[in-house]
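Got the viewer open? Let's take a walk through this one, one selection at a time.

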Amino acid sequence: MAELLLKNITMKFGGLLAVDNLDLEVPSGKILSLIGPNGAGKTTVFNLITGVYKPTEGTITYNGKTLNGLHSNKVVSRGIARTFQNIRLFNSMTVLENVQVGLHCRTKSGAIRALLNTPFLVREEKEIEDKAMAVLEFLGLESFRNDYASNLDYGNQRRLEIARALATKPGTLLLDEPAAGMNPKETADLMDLILKIRDTGLDIFLVEHDMRLVMGISDMITVLDYGQKIAEGTPKEIQNNETVIEAYLGSGGKK
Amino acid sequence: MVQSDLKKFFTYSFFLGILILPLVGFATTTFDAPRAFTVWGVFVAILAFGLIIKVIRHSGGYKNLSDSLAPIHKQIKDKLTAVPAKYYILALLAFAVIYPMATNRYLVDVGITCLIYIVLGLGLNIVVGLAGLLDLGYIAFYAVGAYSYSLLNLNFGIPFWFCIPIGIAFGCIAGCIIGYPTLKMRGDYLAIVTMGFGEIIRLMLNNWDKLTAGPNGLYGMAKPALVYPSITDGGLTWVTFHLKSLEALYFLALAIAVLTVVGVRRLDRSRIGRAWVAIREDEVAAELSGVPTMWLKLLAYALGASFASVVGGFFAAKLSYTNPNFFIFMESCIVLCIVVLGGVGSTPGVIVAAVILSAVPEIFRELQNYRMLAFGAAMAAMMVLRPEGLIPATRRKRELHAAEQHQHEES
Ligand SMILES: Nc1ncnc2c1ncn2[C@@H]1O[C@H](COP(=O)(O)OP(=O)(O)OP(=O)(O)O)[C@@H](O)[C@H]1O
Ligand SMILES: [Mg+2]
């Protein structure tokens, strides 16, 4: 069963058609990549899925239930987590705290419990710390736990974003250009990491310009140009697709 | 560089003169030249001081000076931080307990005011410091508390302790009423709306004669009372002890303040506190990390309002009197000053600032008319010299200095 399903999605910003009648399916346990030239509408697709924008038309369903009209935080608690193209960490919080924020939607003690410091809260806080540490260990960030997020180097900041997203215990992870600004070594590590995450049973929806990464790990690729799906297929099929090559060359060269 | 500073100095002095001389000089119909020029002189002197500091900084003298002072500074700091925080807290508590016994009535009264401001500052700190929402009408919630107690006690004879939870409920409701329509607003807009809300509450109290007795205010509320069992020859009886003496009221205020400190600290360290800070840092990222930002912002308003409401009820009970003029806009400003001066998000900072801001006006009573002016100047100076506040919260400090570094890199 397909987990995340987009049907006839259209998004208009005023007169600009950012996404045009898009059908898309993120298959279970697989890595789907969304590629396309700058301004093709990739980030917009992520924003539509996560409820940042409301689609002008179309429906988005997850595990059979519609996501349309939900607040972003509800989309996250339904099991869809994401990272951002421009890193958005909580800079004055520590690495550990950043990940702990991700656990917010999986825990429940409220203000009253906090004020009274009830045993339930104490237990839950301990649990939050343990789980956050486990996520940090999974990503190899545990030694930075008490550093401020802004002090991490670029590659680790991207990792921390993934850590925070994973802390929400998602079923599907959306990654928006996770390799942007990384050096080849970091990109290679990232590749292993994404595969490792997929192997824990998550579906991965990846937006990326780095073709080596995309071709190396994707099970399926969808190509977007001016908001329209122009091609779909396995990495091999996409590499030899005339329309795709044209779209990339036509918009200022291959990346 | 120095030249442009000099130019700035003269322009500012000039415009301050235009503002201050007539404002201060014409206390009556005649122009009081010595007074006007003295006040202006003080401000020019402050500006000059700033100029001198700037010049020294530029000439590198400041750097040498601060470099040579750095080891001493570090030594002092190490010594201070070597003592665990709990000893400071114990010392402070001991001082607070001995204080009313070692001083006179007047000072105990100042002490109570100070404790009230501590609670207000900490409550507002939840809204401003943790959740990052500006609130210029905070004193309205204090008014809600004061009037809840007054009306409930006068009309229905409900005792203080039962009025407190009811007052908290009213405070929460008021917090949600102001919070809900402003959820999508930020910065300036939020400031204006909250300021308007504060004024609406005050005007309502002023004009709803039937309920609130208008500007005359309400009086005659019972003092808080302690009820405890006692064994007399007739068996077990309940004794009511009204907290009438100033000392008793002081200890009640102290208890409220201590509970507030503990409560705010617990909130700060819980998942709720982390979510608030996350919202302050990046609301979109917080929402997309699964934090229900709308709900948490509302919660910040409601909880901040609750603390103000409790201490408002106490205030009305202490005086057995309340009137709308206790809740003017200036009071909101003072509380906000306490938060900013102390260090946004920092509990010890708020305590220190509350002490300073409630003690200083008492010391300089003659200067009362210039209180706002002095606050404004202090705030401006603070923003320039130490934006993170007297005792900065670690998080906040990082944030500001990161921004500074960024600027340096850009320029
Ligand atoms: N909030 C918005 N308001 C108006 N136009 C927008 C908005 N968000 C995106 N757009 C426009 O929609 C189009 C698609 O943008 P989008 O950010 O989705 O592209 P992208 O494929 O992610 O590009 P890149 O590879 O550069 O990240 C662009 O033309 C962009 O200017
Ligand atoms: Mg993009």
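Start by selecting Asn21(A), which is partly exposed because its relative accessible area comes to 45%, between the 20% and 50% cut-offs. Bear in mind as you look around that this is a predicted model. Asn21(A) sits in strand β2 of chain A. Check its backbone too: phi is near 50°, a positive value in a residue that isn't glycine.

**Next: Glu177(A)**

Here's another residue with positive phi. Glu177(A) also isn't glycine, and its phi is near 50°. To find Glu177(A), go to the loop between β7 (172–176) and α7 (184–199) of chain A. Is Glu177(A) buried or exposed? Its relative accessibility is 8%, so Glu177(A) counts as buried, the cut-off being under 20%.

**Ligand 1**

Keep Glu177(A) on screen and bring up ligand 1. A polar side-chain atom of Glu177(A) is 3.4 Å from an oxygen atom of the ligand. On its own, ligand 1 exposes 630 Å², and the protein buries 65% of that.

Two further contacts are worth drawing as dashed lines:

- Asn38(A): an N or O atom in its side chain is 3.0 Å from an oxygen atom of ligand 1.
- Gly39(A): here a backbone N or O atom does the job, 2.9 Å from an oxygen atom of ligand 1.

Now show the whole shell. There are 14 residues around ligand 1, and the ones that come nearest are Gly39(A), Lys42(A), Thr43(A), Thr44(A) and Gln85(A). Colour the shell by class and you get five nonpolar, seven polar and two charged residues. Which elements of chain A each supply at least two residues of this shell? They are β2 (16–26) and α1 (42–49). The largest share, three residues, comes from α1(A).

**A helix on the inside**

Stay in chain A and select residues 95–102, helix α3. Eight of its eight residues are buried, so α3 is largely enclosed by the rest of the structure. Label them and you'll read off Val95(A), Leu96(A), Glu97(A), Asn98(A), Val99(A), Gln100(A), Val101(A) and Gly102(A).

**Empty space**

Time to look for holes. Rolling a probe the size of a water molecule over the atoms shows where empty space is left. How many cavities of 30 Å³ or more does a search of the whole structure find? Five turn up.

Go to the largest cavity, which holds about 70 Å³ of space. Its lining is made of 13 residues; select Leu48(A), Gly51(A), Leu67(A), Asn68(A) and Gly69(A), the ones that lie nearest its centre. By class, the lining of this largest cavity splits into eight nonpolar, four polar and one charged.

Jump to chain B for the second largest cavity, with a volume of about 50 Å³. Select Asn125(B), Ile126(B), Leu130(B), Val264(B), Asp268(B), Gly345(B) and Thr347(B) to see what lines it. Two helices of chain B, α5 (105–130) and α10 (246–269), each supply at least two residues of that lining. The largest share is three residues, from α5(B). This lining divides into three nonpolar, three polar and one charged.

**The second largest pocket**

From closed spaces to an open one: the second largest pocket has about 640 Å³ of space. Of the 23 residues that line it, those closest to its centre are Leu115(A), Ile168(B), Leu259(B), Phe307(B) and Val310(B). To see the elements that give two or more residues to the lining, show α4 (111–116) of chain A together with α7 (160–182), α10 and α13 (293–319) of chain B. You've just met α10(B) at the second largest cavity, and in this pocket α10(B) provides the largest share of the lining, eight residues. Colour the lining of the pocket by class and you'll count 19 nonpolar, three polar and one charged.

**Last stop: Gly217(B)**

Finish in chain B, in the loop between α9 (209–212) and β1 (218–219), where you'll find Gly217(B). Gly217(B) is buried, because its relative accessible area is 5%, under the 20% cut-off. Then add Tyr147(B) and draw a distance between the C-alpha atoms: Gly217(B) and Tyr147(B) are 70 residues apart along the chain, with 9.6 Å separating those two atoms.

How values were computed
Residues numbered from 1 in each chain as written. Chains lettered and ligands numbered in written order. Predicted model: local features only at pLDDT ≥ 70, side-chain atom pairs only at ≥ 80, totals over all residues. Heavy atoms only, no water. 1 Å grid on protein atoms, 1.4 Å probe; cavity = no way out; pocket = protein on both sides within 12 Å on 5 of 7 lines; lining within 4 Å. Points joined across faces, edges and corners; volume = space filled by probe spheres on them. Nonpolar A, V, L, I, M, F, W, Y, C, P; charged D, E, K, R; others polar. Helix = DSSP H or I, 4+ residues; strand = E, 2+ residues; numbered from the N terminus. Near = heavy atom within 4 Å. Polar contact = N/O pair within 3.5 Å; in protein donor to acceptor, adjacent residues only side chain to side chain. Areas by Shrake-Rupley, 256 points an atom, 1.4 Å probe, with all protein chains shown as cover. Buried < 20%, exposed > 50% of the residue type's maximum accessible area, 1.4 Å probe, protein only.
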